[in-house]
Amino acid sequence: MKTNSEYLHDYLSGRNIKTAWRNNLKSKLMKLVTWLEAEKTGVLEVGVRAAAAYAEYLGTRDLSKNTVCALLTAATRFYSDLFRRKLIPANPFLEIGKPRMDKLLPRHLLKPKELDEFLERLSHWDEEANLFHKLRRYRAHVLAEFLYSTGMRIGEAASVRIADVDLDRGRVRVTDSKSKKEKLCFLNEYAAAVLRIFLTRFRNYYAPVCERGRPAARIGDDHLFFAGEARLATSVSLVTAGLTRRHGYPHLTCHSFRHSFGYHMLKSGCDLRYIQTFLGHESLSSTQIYTKVDREDMREMLDQCHPRAFHRAAADGKAASL
């Protein structure tokens, strides 16, 4: 009979993933294997009680909720594979609850001025070497302005049709990808101007060549950006990754523009309830992640509001003169 480590090895060997991801998955599952060895339990002997006991054990360790969730998710997938191979009658980890993950603000959100600078660099699409890269970067420029103005998810942007866009009023109708309810998003003046140029001057020339000779869609397709969620996200990520490497920006994804929308609106004084409506959050708790402040904000607010802040500035001036 195989040992627990051998079952783990078989599972990892059958996963077609990058080495770094495999090592990360192995480190998570080794915690399970180590616990099973301590409990003198085989991998195939784990039932609902044992799965619940493992979850309880993780809860007693000095681990965050997110880490516990990640470890239990890895165990669930491991046992799903065992069930698929008909080595166990059911997946015991599907029967236990998981702690609710903390909602965290992304680590690397650009300040408004930094994002404005990044978007300005992105708009220089004509500096690319060939037509394909010019068009790909141009679409990334249009889409980035669209996402940052509306706060949409990339899947929602991919589903927008031309008929859903009212440039005169600066409005876009879209179906929320989570609640499946229709919501109204708004275009700022600059984003509306960028989108108007895209629709009137570039869109009809874009489809035939935007995917290295393979049309992204039929010319008559009424979807705004000619592509599905995965293709749009990949295309934009390739462009933004190149810019971030060349100019030293942190890693940005399509969802970064949505987070930036919420974070920057709040910093500018927008009421949290309005931001909740703009982003289509069902619960206000989802919007409250943007209220978390960083150390730079704390320093800036202290200097602005503390009655003796000017003394610190004066002291710094004296120190510099010494």
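Here are some friendly notes on this predicted model, point by point.

1. Let me start with a pair of packed helices. Two such helices are described by the angle between their axes and the distance between the axes. Here the helices are α5, residues 112-122, and α9, residues 229-247. Their axes come within 11 Å and cross at roughly 115°, and the crossing is right-handed.

2. Which residues make the contact between α5 and α9? On the α5 side they are Phe118, Arg121 and Leu122. Helix α9 contributes Val239, Thr240, Leu243, Thr244 and His247. By character, the residues of this contact divide into four nonpolar, three polar and one charged.

3. Next, the aromatic rings. A search of the whole structure turns up 16 aromatic pairs. One of them joins tryptophan 35 and tyrosine 57, with 6.4 Å from centre to centre and 35° between the planes. That pair counts as tilted, because stacked planes would be under 30 degrees apart and edge-to-face planes over 60.

4. Where do the two partners sit in the chain? Tryptophan 35 belongs to helix α2 (residues 19-39), while tyrosine 57 lies in helix α3 (residues 48-60). The pair thus links distant parts of the chain, 22 residues apart. Their surroundings are worth a look too: tryptophan 35 is buried, at a relative accessible area of 10%, whereas tyrosine 57 is partly exposed, at 30%.

5. You may like to display the wider ring cluster alongside that pair. Ring pairs link Tyr11, Trp35, Tyr54, Tyr57, Phe78, Tyr79 and Phe93 into a cluster.

6. Tyrosine 138 deserves its own point. Is tyrosine 138 buried or exposed? Its relative accessible area is 4%, so tyrosine 138 counts as buried, the cut-off being under 20%. This residue is placed in helix α6, which covers residues 131-150. Leaving aside neighbours within four places in sequence, tyrosine 138 is in contact with Trp125, Val194, Ile197, Phe198 and Phe202. As for histidine 124, 14 residues away along the chain, its C-alpha atom is separated from that of tyrosine 138 by 8.1 Å.

7. Finally, the cysteines. A disulfide is a covalent bond between the sulfur atoms of two cysteines. How many disulfides does the structure hold? The count is zero. Two cysteines can be described by their accessibility: cysteine 270 is buried, with a relative accessible area of 19%, and cysteine 305 is exposed, with 52%. Cysteine 270 falls in the buried class because that class takes values under 20%; cysteine 305 is classed as exposed because its value is over 50%.

Conventions. Residues are numbered from 1 along each chain as its sequence is written. This is a predicted model: local features need pLDDT of at least 70, side-chain atom pairs count only at pLDDT 80 or more; totals for chains, interfaces and linings use all residues. Side-chain values use heavy atoms; hydrogens and water are left out. Axes are lines fitted to C-alpha atoms, for helices over the stretch in contact, and angles run from 0 to 180 degrees between N-to-C directions. Helices (H or I, at least four residues) and strands (E, at least two) are DSSP runs, numbered from the N terminus. A crossing is left-handed if the near helix is turned anticlockwise from the far one by less than a right angle, and right-handed if clockwise. Contact means heavy atoms within 4.5 Å. Ala, Val, Leu, Ile, Met, Phe, Trp, Tyr, Cys and Pro count as nonpolar, Asp, Glu, Lys and Arg as charged, and the others, Gly among them, as polar. Rings of Phe, Tyr and Trp (its six-membered ring) pair if their centres lie within 6.5 Å; planes under 30 degrees apart count as stacked, over 60 as edge-to-face and the rest as tilted. Buried means under 20% relative accessible area, exposed over 50%, partly exposed in between (1.4 Å probe, protein chains only). A disulfide is a pair of cysteine sulfur atoms within 2.5 Å.
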